Amino acid sequence: MEVTEPEKIAEPEKIAEPAPAEKPTPVATATLPPPSPWQSAPRYPTAGPAAGPFVVPPAPGVPFMPWWKPPTTGAPHKVLVVGLVAGLAGAFLAPPNNGIGWFLAALFGVGGVLFYAGKPSIERALWLAAALAFLAMGFLRAAEWVFPLCVLASMMCGSIAMAGGRTVRGLVFGALGIGLAGLRSIPWVAKGFSKRGPVGIRPFISVGVALVLLLIFGSLLAGADQAFGKFLESLVPELEIGGYVRMAFFGGVAAFGAVGACYLVTAPPSINEDAESKPGTLRVKDYALPVGVLVVLFAGFVGTQLAVLFGGEKYVMETAGVTFAEYARSGFWQLLWVSILTLGVIAGVARFAARKTAREQLWLRILLGSLAVLTLVIVASALSRMWFYQQAYGWTVLRLLVSSCEVWLAVVYLMVIGSGITLRANWLPKAIVGTGTAFFLAVVVMNPEQVVADYNVSRFDATKKIDTVYLSRLSEDAVPALVRLPEPQRSCSLRWLKNRGNVEQDWREWNLARHNARKSLESVAVTDVTCESSYSGER
């Protein structure tokens, strides 16, 4: 019997041990830089949930402004400090009348916002500088009509500085941005307060102790020296109930604006100003006839103006039957309205006209370019009329202002003609607002009432004609020029200012123009005389 060898049992296969895991190569994690506080829109990637751990999903916006997302956190400590400082500055520094206090309050407000926002760009710095320059007119000019306009212009410049804007839509939002942001910042500030919990009683105790010490030691030092006592009295304004209401209003407005500016820095709106507008559907045959009629009408008017220019006063007397001065005055305001309304016509046609083909673009350039050039000549005609009229009757503040407005309109039409060459006017709205702001600031810096008084005094030396009734209604800005008049014209022009006694109630109302006027009036004698005005014409 054959014995076979037992079958060898297969040994189990050895399971290969896993190789030791290699250490992952360290990858440099690049952190995203913090967004610039002056950035007009967030630049972080927001596409998809896997955009990265650094991306915070934006909070939903309000239904009517979905492009303006609110912050995801409450107001930080800096914002509360900025609002408090601006509110106190507005309450205690802004006087009832124009004065240096307004400029100082604005410095605190702008300084607080820059403390939170950091260094602005050059463009935004220019807008902020313009806002401060307008408020500086509160202590550089005495004319009562100047300061309210300067306050409005300052608010607009400050809002555009914080909110930005290039197109019409962006500039409208920019002019209203701080006010809208102040309203939207209320829950933001409330959320910031709620996260900090109760403030406690210690800060109030500290403020109370400081006030008690100030009262005790201030009273003792004021009693020890009369000069120091008068100095302390000048620092503390005399207030009634109306004064406290005014302080609360000014302080609330200042804090509201400062917090709104900080809100714009924290949550800038995402207005897509680079998006192309829908192409116009207005065909050439739709607008060619209306615009062409205006071109023919304006061309006929310009031809008539050339005849007046070469014919002079004799031609006007024979054709119109009026003097040259009356002819100049009668048409100025109509020409001003023509130049303003034509801008609306050009803007409307340029916005809605189709420009797909070369033919459409050519017709648009020809028609609107001709209309703009002819209107520019009409603007020049209006300026020449005002020049002839002031030569006959002298300058007034109103005539100077509307003439400056006409000069600015001439600049606007030159920019319109320049934009029509390329049919691209994305830069035009901002250029119009910027040049308008610069022109108004230049006029105020020029001191219009002193310019008017200077011219009329020089004109009196040559013609012996002067309107003392009108000059007596000017403010202290005109005094340095009016003191050069001989008697009795000087007394007729200055006696109202001499008797008014416009003295500042406290240091916040100090005004350079009023200060210089008082010095000038002290050096001349103003008597009661019978005044007659050698003026004929409209003021």
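In this predicted model, Lys78 lies over the face of Phe115, and the distance to the centre of that ring is 4.9 Å. A second placement of this kind involves Arg184, whose charged end sits over the ring of Trp68 at 4.3 Å from the ring centre. Trp68 also belongs to a cluster, in which ring pairs link it with Phe173, Trp188 and Tyr263.

These aromatic residues can be set against the chain as a whole. The chain has 18 helices and zero strands, and 39% of its 539 residues count as buried. When contacts between residues at least 6 apart in sequence are considered, 77% of them join residues that are at least 24 apart.

The structure holds eight aromatic pairs. One of them is formed by Phe134 and Phe440, and this pair is stacked because the ring centres are 5.6 Å apart and the planes meet at 25 degrees, where the cut-off for stacking is an angle under 30 degrees. Phe134 belongs to helix α3 (residues 122–140) and Phe440 to helix α13 (residues 428–446), so the pair ties together parts of the chain that are 306 residues apart in sequence. The two partners can also be described by their accessibility: Phe134 counts as buried, because its relative accessibility is 0%, whereas Phe440, at 24%, counts as partly exposed.

Another pair, that of Trp188 and Tyr263, is edge-to-face, with 5.4 Å from centre to centre and 75 degrees between the planes. Trp188 lies in helix α5 (residues 168–196) and Tyr263 in helix α8 (residues 241–266), and the pair thereby links distant parts of the chain, 75 residues apart. Trp188 has a relative accessible area of 4% and is therefore buried, and Tyr263 is likewise buried, with a value of 1%.

Helix α2 (residues 100–117) offers a further aromatic residue, Phe108, which counts as partly exposed because its relative accessibility is 45%. Leaving aside neighbours within four places in sequence, Phe108 is in contact with Val85, Ala89 and Leu93. The C-alpha atom of Phe108 is separated by 9.8 Å from that of Ala258, although these two residues are 150 residues apart along the chain.

What, then, surrounds a charged residue that is buried yet has no salt bridge, such as Glu360? Glu360 is placed in helix α11 (residues 358–393), and the nearest side chain of opposite charge, that of Arg359, is 5.7 Å away. Since a salt bridge requires a distance within 4 Å, the separation of 5.7 Å between Glu360 and Arg359 is not counted as one. The side chain of Glu360 does, however, reach the backbone nitrogen of Lys356, at 2.8 Å. If residues up to four places away in sequence are not counted, Glu360 touches Val284, Tyr287, Ala354 and Arg355.

A last polar residue to follow is Ser491, which is found in helix α17 (residues 489–500). Ser491 is buried, because its relative accessible area is 0%, and its side chain is joined to that of Glu487 by a polar contact of 2.7 Å.

Definitions and conventions:
Residues are numbered from 1 along each chain as its sequence is written. This is a predicted model: local features need pLDDT of at least 70, side-chain atom pairs count only at pLDDT 80 or more; totals for chains, interfaces and linings use all residues. Side-chain values use heavy atoms; hydrogens and water are left out. Rings of Phe, Tyr and Trp (its six-membered ring) pair if their centres lie within 6.5 Å; planes under 30 degrees apart count as stacked, over 60 as edge-to-face and the rest as tilted. Helices (H or I, at least four residues) and strands (E, at least two) are DSSP runs, numbered from the N terminus. Buried means under 20% relative accessible area, exposed over 50%, partly exposed in between (1.4 Å probe, protein chains only). A charge sits over a ring if NZ of Lys or CZ of Arg is within 6 Å of the ring centre and within 35 degrees of the ring normal. A polar contact is a pair of N or O atoms within 3.5 Å; within protein, one must be able to donate a hydrogen and the other to accept it, and residues adjacent in sequence count only if both atoms are side-chain atoms. Lys and Arg count as positive and Asp and Glu as negative; His and the chain ends are not counted. Contact means heavy atoms within 4.5 Å.
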